[in-house]
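Please work through the exercises below with the sequence and the coordinates at hand. Each task is followed by a solution in steps.

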Amino acid sequence: MLVDSHCHLNYPGLAEDLPQVLDRAAAAGVSHMLCICSRIGEFDAIRAIAEAHDHIYCSVGVHPHDSGKEDPVALDQLLARASHPKVIGIGETGLDFYYDNSPRDIQEANFRVHIEAARQTGLPLIVHSRDADAKTIEILTIEAKKGPFPGLIHCFTGGTDLARAALDMGFYISFSGIITFKNAQDLRDIAESVPLDRLLVETDAPFLAPVPERGKRNEPAFVTHTAAKLAEIKGETPEDMARISADNFFTAFAKAKIPAGATATAR
Ligand SMILES: [Zn+2]
Ligand SMILES: [Zn+2]
């Protein structure tokens with residue numbers, strides 16, 4: 001059992017040959033996937049993918065890149081969609097001060113609306129944070145004082161302060177193919193320090209293909225390379241790391257139900 005906790009199956013590069021992408025994922029042992037929403041306008045397409053496949057779940061949210069491209073997200077828009085049985089997380093949301101594709105004040109306002117949705121639904125907040133460690137910590141800390149909410153930092157690329165703050169809040173930390181990159185020793189050091197029961201793995205496909213597929217279009221089957229690297233870092237076997245991270249996924253995303261007759265015994 002192995003779960004890709006973050007992919008964009010509706011994006012160009014994956015959407016055109018989705019049946020083949022899913023076949024290769026199954027052949028690689030990827031049992032479940034979480035297809036992430038980045039705009040309210042794409043939610044229907046994502047929900048349709050999740051509805052069509054027992055082993056695919058979805059989220060609802062507005063990516064910081066896209067926060068300036070749609071009207072500011074309203075709490076009701078998130079809550080209404082979050083009630084769907086296949087919607088198991090809120091996001092992705094957060095702050096991206098590397099690309100700054102949307103004004104920072106809009107990114108921050110949207111982030112806070114997502115946090116409120118996570119608080120009200122109890123669904124994990126899927127946080128994207130790039131070159132924004134300090135502001136991410138500040139917002140999460142202030143918001144946590146108003147009432148708790150579950151969550152994770154996806155595609156973790158931050159520093160030790162962000163990792164510590166996230167872990168202190170009870171968050172999970174999800175690592176992508178970046179941990180396989182030669183120049184990512186700092187990130188591997190952080191991964192080593194994260195407790196086993198807080199680790200998730202993801203592809204963020206179609207982006208960020210791990211070594212040895214680096215440079216190619218990424219797809220969920222390649223999460224095996226990231227899980228294997230994480231196993232090496234943590235001193236686990238690849239099989240154990242796959243199982244542990246899958247267990248963590250179903251603990252974090254408690255609304256996700258393993259379809260009857262799938263691999264329930266492995267849970
Ligand atoms: Zn992201
Ligand atoms: Zn993403």
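The exercises concern a predicted model and proceed from the sheet to a pair of helices.

**Exercise 1. Determine the strand order of the open sheet and identify its edge strands.**

Solution. Begin with the pairing: the open sheet has eight strands, and their pairing is parallel. Following the pairs across the sheet gives the order E1-E2-E3-E4-E5-E6-E7-E8. Next, look for strands that pair on one side only: these are E1 (3-7) and E8 (199-201), the edge strands. Finally, from one strand to the next, the twist averages 30°.

**Exercise 2. Examine how E3 is joined to E4, and how E6 is joined to E7.**

Solution. Take E3 (residues 56-60) and E4 (residues 87-96) to start with: they run parallel and are joined by three bridges. Within this pair, Ser 59 has Gly 89 in E4 as its bridge partner. Then turn to E6 (residues 151-153), which runs parallel to E7 and is joined to it by two bridges. Here Ile 153 is found opposite Ile 173 of E7.

**Exercise 3. Assign the residues of E7 to the two directions in which they point, and decide whether they are buried or exposed.**

Solution. In a regular strand, side chains alternate between the two faces of the sheet. Applied to E7 (residues 172-175), the assignment places Tyr 172 and Ser 174 on one side, with Ile 173 and Phe 175 pointing the other way. All of these residues are buried.

**Exercise 4. Locate Lys 182 and classify its exposure.**

Solution. Lys 182 belongs to the loop between E7 and H7. The count of C-beta neighbours inside 10 Å is 7 for Lys 182, and a residue with 12 or fewer is exposed, so Lys 182 counts as exposed. As a further step, compare positions along the chain and in space: Lys 182 and Val 211 are 29 residues apart along the chain, and their C-alpha atoms are separated by 8.8 Å.

**Exercise 5. Describe the packing of H7 against H8.**

Solution. Two packed helices are described by the angle between their axes and the distance between the axes. For H7 (residues 185-193) and H8 (residues 223-234), the angle is about 70° and the axes are 9 Å apart. The range of 65 to 115 degrees counts as roughly perpendicular, and the two helices are therefore roughly perpendicular to each other. Their crossing is right-handed. For the contact itself, H7 contributes Arg 188, Ala 191 and Glu 192, which meet Leu 230, Ile 233 and Lys 234 of H8. Sorted by character, the contact residues comprise three nonpolar, no polar and three charged.

Conventions: Residues numbered from 1 in each chain as written. Chains lettered and ligands numbered in written order. Predicted model: local features only at pLDDT ≥ 70, side-chain atom pairs only at ≥ 80, totals over all residues. Axes fitted to C-alpha atoms, helices over the stretch in contact; angles between N-to-C directions. Helix = DSSP H or I, 4+ residues; strand = E, 2+ residues; numbered from the N terminus. Parallel < 35°, antiparallel > 145°, perpendicular 65-115°, else oblique. Left-handed = near helix turned anticlockwise from the far one by under 90°. Contact = placed C-beta atoms within 7 Å. Nonpolar A, V, L, I, M, F, W, Y, C, P; charged D, E, K, R; others polar. Buried ≥ 20, exposed ≤ 12 C-beta atoms within 10 Å, placed from the backbone. Pairing = 2+ DSSP bridges.
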